[in-house]
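Open the model in your viewer and keep the selection panel at hand. This tour goes stop by stop, from the interior to the helix faces and then the backbone.

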Amino acid sequence: MSATGMSEDPVGDGTRAVRAGLPEPVKHEPTLPGPVFAAHFHLPGEVAGPYSYGRDDNPTWTLLENAIGELEAPGRPDVETLVFASGMAAISAVLFSQLRAGDAVVLPSDGYQALPLVRAQLEAYGVEVRTAPTGGDAQLEVLEGARLLWIESPSNPGLDVCDIRRLAVAAHAQGTLVAVDNTLATPLGQRPLALGADFAVASGTKQLTGHGDVLLGYVAGRDAEVMAAVRRWRKIVGAIPGPMESWLAHRSIATLQLRADRQNATALTVAEALRQRPEVSGLRYPGLPDDPAHKIASRQMRRYGCVVSFTLPTRARAERFLAALRLVEDATSFGGVRSTAERRARWGGDAIPEGFIRMSIGAEDPGDLVADILRALDESAD
């Protein structure tokens, strides 16, 4: 058994990522079939078989869903995966398919900045929304009687971590469903279903696909009944990915292990360099041995992610720093092969200082990237 209590996989992450979701080989056919552009399919007689109408299913989705399922829950044919048009479409599908007026849901108070919008909509529908921080397993304090617990670990953008297994055990003891946003970790960093979650949810826009050219989301779940409700929600709202996006995502997953290993290793190198700078405060990266989240993260994560967060003294200093960077693009989102950073407070919705920086480490040479960051810090000084 591994440190997370999960059985070791019979194949490595690289082998799994490269081959995930590929169909059985057919002579003279491509190993990864091209995207299927079809709004409808031949359907004489009674409705039977997997493909009837493009809002319901598509062969390109099927291959991608199989691939993601093999990464999130290897060796678990009972786990179903559904792909969506974006990460928020996937998040919304779980929340709005499972919650009814009078239910209570627990959300992280330090989670993704779109969650306050979700909260307002849930409350408008008569759902009670409770919040607590990710760190210290604080969501346990407001869990009693909730229908659903929503976990972000690591949290975005503060990179706090909670004990997923502990929270899942407590939730299930009272009949509460558990969903984990796995965007920052990816399935190669963390497998929420193996840690006890009912749903693993993520934005495939980020490191899963890794090139900043696809909007995608997915939900993986281990209970057929609750996943049927998620599928029904996707059908009702039509939150489906295009076949080209699905094909690009599947193609990109093949390099996930290569990208993740390079980006995670460089993120640790960058974090160690930033730790030496006196103007940097609030540095967070779960892979740092002295990070407050490291102990728990090391028990349940196999990779710590490519995002580093820290704070510079003022908004002006942060903006000068971002402007001075040459190898790091000032852009939102994270997980791409090209490094990005932003002053996160410009969006609002996060309880963070004005000088807070969320930096996503790409696949550049580590030495070049560290040199660029340190030079930008020097040049941005008062």
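What follows is a walk through a predicted model.

**Stop 1: the largest core**

Select Phe84, Leu95, Val105, Leu148, Trp150, Phe199 and Val219. These are the residues with the most contacts inside the largest nonpolar core, which has 28 residues. Now colour the elements that supply it. At least two core residues come from each of β1 (80-84), α3 (87-98), β2 (104-108), α4 (115-124), β4 (148-152), β5 (177-181), β6 (199-203) and α6 (224-237). Helix α3 gives the largest share, seven residues.

A separate core lies apart from this one, with 27 residues. Val270, Leu325, Val370 and Ile373 are among them.

Go back to Leu148 and show its surroundings. Which residues does Leu148 touch, leaving aside neighbours within four places in sequence? Its contacts are Val94, Leu95, Leu99, Ala104, Val105, Val106, Thr176, Leu177, Val178 and Ala179.

**Stop 2: helix α5**

Select α5 (164-173). Its buried residues include Ile164, Leu167, Ala168 and Ala171. Look down the helix axis: the buried residues of α5 fall within an arc of 100°, so they line one face. An α-helix has 3.6 residues a turn, so residues three or four places apart point the same way. Turn to the face away from the buried side. Val169 and Ala173 are exposed there.

Next, show what covers the buried residues of α5. The cover includes β4, β5 and α9 (294-300). Then step past the end of the helix. Gly175 follows α5 and has a positive phi, near 80°.

**Stop 3: helix α10**

Select residues 315-324, helix α10. Its buried residues are Arg317, Ala318, Phe321, Leu322 and Ala324. Down the axis of α10 they fall within an arc of 165°, so they too line one face of the helix. Add the cover: β9 (307-311), β10 (329-330), β11 (340-343), β12 (356-360) and α11 (366-379) are included in it.

**Stop 4: α2 against α7**

Show α2 (59-72) with α7 (residues 243-253). The two helices pack at an angle of about 35°, with axes 9 Å apart. The crossing of α2 past α7 is left-handed.

Select the contact residues. From α2, take Thr60, Trp61, Leu63, Leu64, Ala67, Ile68 and Leu71. From α7, take Pro243, Ser246, Trp247, Ala249, His250 and Ile253. How many of these are nonpolar, polar or charged? Ten are nonpolar, three are polar and none is charged.

**Stop 5: the loop between β4 and α5**

Pro154 sits in this loop, as does Pro157. Ser153 and Pro154 are joined by a cis peptide bond, omega about -5°. The bond from Asn156 to Pro157 is also cis, with omega near 15°.

Leu159 belongs to the loop between β4 and α5 as well. Its phi is positive, about 65°, although Leu159 is not a glycine. Is Leu159 buried or exposed? Leu159 counts as buried, at 2% relative accessibility.

**Stop 6: His28**

Finish in the loop between α1 (13-19) and α2, where His28 lies. His28 has a positive phi of about 75° and is not a glycine. His28 is exposed, with a relative accessible area of 75%. Set His28 beside Leu159 in the viewer: His28 is exposed, whereas Leu159 is buried.

How values were computed
Residues are numbered from 1 along each chain as its sequence is written. This is a predicted model: local features need pLDDT of at least 70, side-chain atom pairs count only at pLDDT 80 or more; totals for chains, interfaces and linings use all residues. Side-chain values use heavy atoms; hydrogens and water are left out. A nonpolar core is a set of buried Ala, Val, Leu, Ile, Met, Phe, Trp, Tyr and Cys residues joined through side-chain atoms within 4.5 Å. Buried means under 20% relative accessible area, exposed over 50%, partly exposed in between (1.4 Å probe, protein chains only). Helices (H or I, at least four residues) and strands (E, at least two) are DSSP runs, numbered from the N terminus. Contact means heavy atoms within 4.5 Å. The arc is that of the directions from the helix axis to the C-beta atoms. Axes are lines fitted to C-alpha atoms, for helices over the stretch in contact, and angles run from 0 to 180 degrees between N-to-C directions. A crossing is left-handed if the near helix is turned anticlockwise from the far one by less than a right angle, and right-handed if clockwise. Ala, Val, Leu, Ile, Met, Phe, Trp, Tyr, Cys and Pro count as nonpolar, Asp, Glu, Lys and Arg as charged, and the others, Gly among them, as polar.
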